[in-house]
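Could you walk me through this two-chain model, with an eye on the contact between the chains and on any unusual backbone geometry? A short report with one small table would suit me well.

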Amino acid sequence: MAHSAVGGLGIRTESRGALAYVFIVAFARPQGQVMDDLHETKRAPLFYRQSAWTRVTHWIWAVTLFFMVTSGLQIFNAHPILYFGRQSGFGDKQYLGPQAGYGNKQFNNTVLDIHPERRGDAIVGVTSILGHDFDTSGFLGRSGSKEQPNYRAFPGLVTIPSYYDLATGRVIHFFFAWILVATWCVWLFASLINGHLWHDIVPKPRDLRRLPHDIANHLRLKFLHGRSYNVLQKLSYAAILIVAIPGVIFTGLTMSPGVDSAWPWLLDVFGGRQTARLLHFCGMLVIVVFFVVHILMVIAAGPINEMRSMITGWYRGDPEAVGGEA
Amino acid sequence: MRKVIFNRRRFLRQLGAGASLLTLGGCDIFDGLLGIGDPVPDFLRKANVLTREAQRAIQGPARMAREYPESAIREDQRPNGSTDPQTDDYLAVKQNDFAGYRLQVTGLVDKPLSLSLDELRTMPSRTQITRHDCVEGWSCIAKWTGVQLSQVLDRAATKPAARYVVFRCYDPMQDSPFGPADLYYESIDLISARHPQTILAYGLNGQTLPIANGAPLRVRIEQQLGYKMAKYIRAIEIVDSFAKIAGGNGGYWEDRGYDWYAGS
């Protein structure tokens with residue numbers, strides 16, 4: 001079987017070629033040895049874990065969130081300052097030009113501000129959070145090489161297009177925003193009908209009692225491959241699918257003057273357009289952190305098995321975990 | 001315990017390799033597809049029609065943008081784009097507090113108009129404290145006074161074929177990154193034009209509209225973003241299509257890739 005061949009490669013250390021190493025690192029199962037020792041006798045059968053609805057929406061989201069985040073950072077770069085409230089208090093931000101804040105330099109409701117700043121002979125990238133400045137040269141506020149410095153908030157590495165183009169960033173963002181909204185509606189509807197939401201996502205009291213045990217398992221990088229998600233999975237999937245994604249959708253809508261005129265209650269729910277913009281940014285951060293942890297967990301828990309279950313639906317559990325929970 | 005250590009070491013190794021793979025990919029691989037006029041952004045831009053129709057559907061006929069109390073005015077309205085046009089035409093009309101200014105209303109109308117500032121000020125006025133949302137992301141609340149555009153359109157008696165209102169401006173964009181600067185222009189459809197909060201503003205925060213904010217006359221379109229709200233308006237042209245005007249996309253920024261409907 002293809003899977004056990006890969007697992008075997010990972011254990012036999014005589015194949016040390018660089019390519020083989022990358023291949024092993026990318027695809028081998030961390031517990032390959034254990035499974036290989038056991039698989040003749042105790043290997044659990046594959047079982048159907050992910051419905052087509054879950055799998056299709058998962059991959060649409062994977063593509064959509066990539067373009068949403070990168071085009072969103074492009075848009076953010078047009079005015080890389082976040083405020084608290086309904087409008088922007090420009091204070092005495094001279095780098096916004098002579099017109100910024102004229103008439104009331106005291107009005108400053110800035111929460112986050114990324115900008116280049118001259119310090120002596122050098123221009124450094126400064127990230128200011130609630131008035132506390134951090135030198136983030138190299139990534140935020142100033143990036144690129146010494147010869148070709150780039151004074152944008154987020155570097156071209158993480159924006160689409162890589163150069164400054166607010167117009168195209170917006171066009172990409174709003175196209176994928178429609179796909180995100182449609183996918184979320186489809187996912188919610190399907191998950192309500194087929195029970196995925198209630199059975200697999202919403203944490204129950206029984207799950208929460210297992211929380212300390214589950215945290216301990218994760219800290220030891222010990223993953224049980226059971227039929228259902230463990231409680232940390234349930235909590236994080238619920239946080240993303242039921243809170244963060246609708247959260248970025250509705251805070252995004254609140255930034256639209258057209259939607260605000262139709263649904264002015266959005267402004268009250270989120271505390272004003274600029275607070276909505278701040279929350280939209282925070283929602284993006286939550287989703288990006290989730291993505292990074294999600295990828296690490298997939299790698300740690302067995303990328304082949306995890307990928308197979310999210311592509312074909314079929315998942316191989318641990319004999320003890322499946323036996324114990326079935 | 002041995003199993004745990006094995007897992008952790010393996011995990012850290014995979015993590016390092018994964019991180020180095022990530023740094024290889026950058027978003028510049030899409031750059032070649034995304035230039036102005038390329039088919040990909042032109043296709044993606046079709047979503048703007050969906051956005052417009054969806055917003056119009058939830059707005060209904062006369063949903064008003066939120067109006068704020070006086071206490072919400074915290075700073076002077078931040079000017080953006082052109083702030084002090086230097087063309088001969090503008091410098092000439094600017095003399096004596098725009099005494100010689102005439103707003104031309106032409107195109108698909110039965111009665112073309114040429115209105116002085118005094119004539120505009122004697123028409124019924126509307127004052128509204130609203131939030132200006134810039135496409136860049138910032139917002140600023142200010143009090144605007146002017147005449148409803150619908151009043152001007154009624155006075156000019158638009159013909160049945162009329163579909164769009166085009167604002168022709170005095171200002172070339174300063175520091176234009178696109179070479180020789182074109183004169184600013186914008187367009188809106190009659191739904192936006194006849195909205196009760198769409199006004200030709202000559203007053204800001206209780207004063208005469210300052211030059212930096214578009215004197216003598218600029219438009220307020222409270223359901224859309226700042227770039228729609230043309231400043232330094234010289235003439236209003238009623239048309240059935242903007243395809244033959246400048247770049248054909250209905251506005252200075254639209255010709256540079258921005259969406260025509262700017263409700264989001």
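What follows looks at the contact between the chains, then at one pair of helices, and then at the backbone.

**Where the chains meet**

Please keep in mind that this is a predicted model. Across the interface, 55 residues of chain A are in contact with 57 residues of chain B. On the chain A side, at least two residues each come from α2 (18-27), α4 (52-78), α5 (166-193), α10 (257-262) and α12 (273-301). Of these, α5(A) gives the largest share, with 9 residues. Sorted by class, the side of chain A that touches chain B holds 31 nonpolar, 17 polar and 7 charged residues.

**A helix pair across the interface**

Let us stay with α5(A) for a moment. Its axis and that of α3 (residues 47-59) of chain B come within 9 Å, crossing at roughly 65°. The crossing of α5(A) with α3(B) is left-handed. From α5(A), the residues making this contact are F174(A), F175(A) and W178(A), while α3(B) brings A47(B), N48(B), L50(B) and T51(B). In this contact of α5(A) with α3(B), 5 residues are nonpolar, 2 are polar and none is charged.

**Backbone geometry worth a look**

Most peptide bonds are trans, and most residues other than glycine have a negative phi. Here are the places in this model that depart from that pattern and that you may like to inspect.

| Site | Feature | Value |
|---|---|---|
| I160(A) to P161(A) | cis peptide bond | omega near -15° |
| A215(B) to P216(B) | cis peptide bond | omega about 5° |
| L130(A) | positive phi, not a glycine | phi about 50° |
| A246(B) | positive phi, not a glycine | phi about 45° |

To find the cis bonds, look for P161(A) in the loop between β7 (149-150) and α5 of chain A. P216(B) sits in the loop between β8 (207-208) and β9 (218-220) of chain B.

As for the positive phi values, L130(A) belongs to the loop between β4 (122-129) and β5 (132-135) of chain A. A246(B) lies in the segment after β10 (233-239) of chain B.

Are these two residues exposed or partly exposed? L130(A) has 9 other C-beta atoms within 10 Å, so it counts as exposed, the limit for that class being 12 or fewer. Around A246(B) there are 16 other C-beta atoms within 10 Å, so A246(B) is partly exposed.

Terms used. Residues numbered from 1 in each chain as written. Chains lettered and ligands numbered in written order. Predicted model: local features only at pLDDT ≥ 70, side-chain atom pairs only at ≥ 80, totals over all residues. Contact = placed C-beta atoms within 7 Å. Helix = DSSP H or I, 4+ residues; strand = E, 2+ residues; numbered from the N terminus. Nonpolar A, V, L, I, M, F, W, Y, C, P; charged D, E, K, R; others polar. Axes fitted to C-alpha atoms, helices over the stretch in contact; angles between N-to-C directions. Left-handed = near helix turned anticlockwise from the far one by under 90°. Buried ≥ 20, exposed ≤ 12 C-beta atoms within 10 Å, placed from the backbone.
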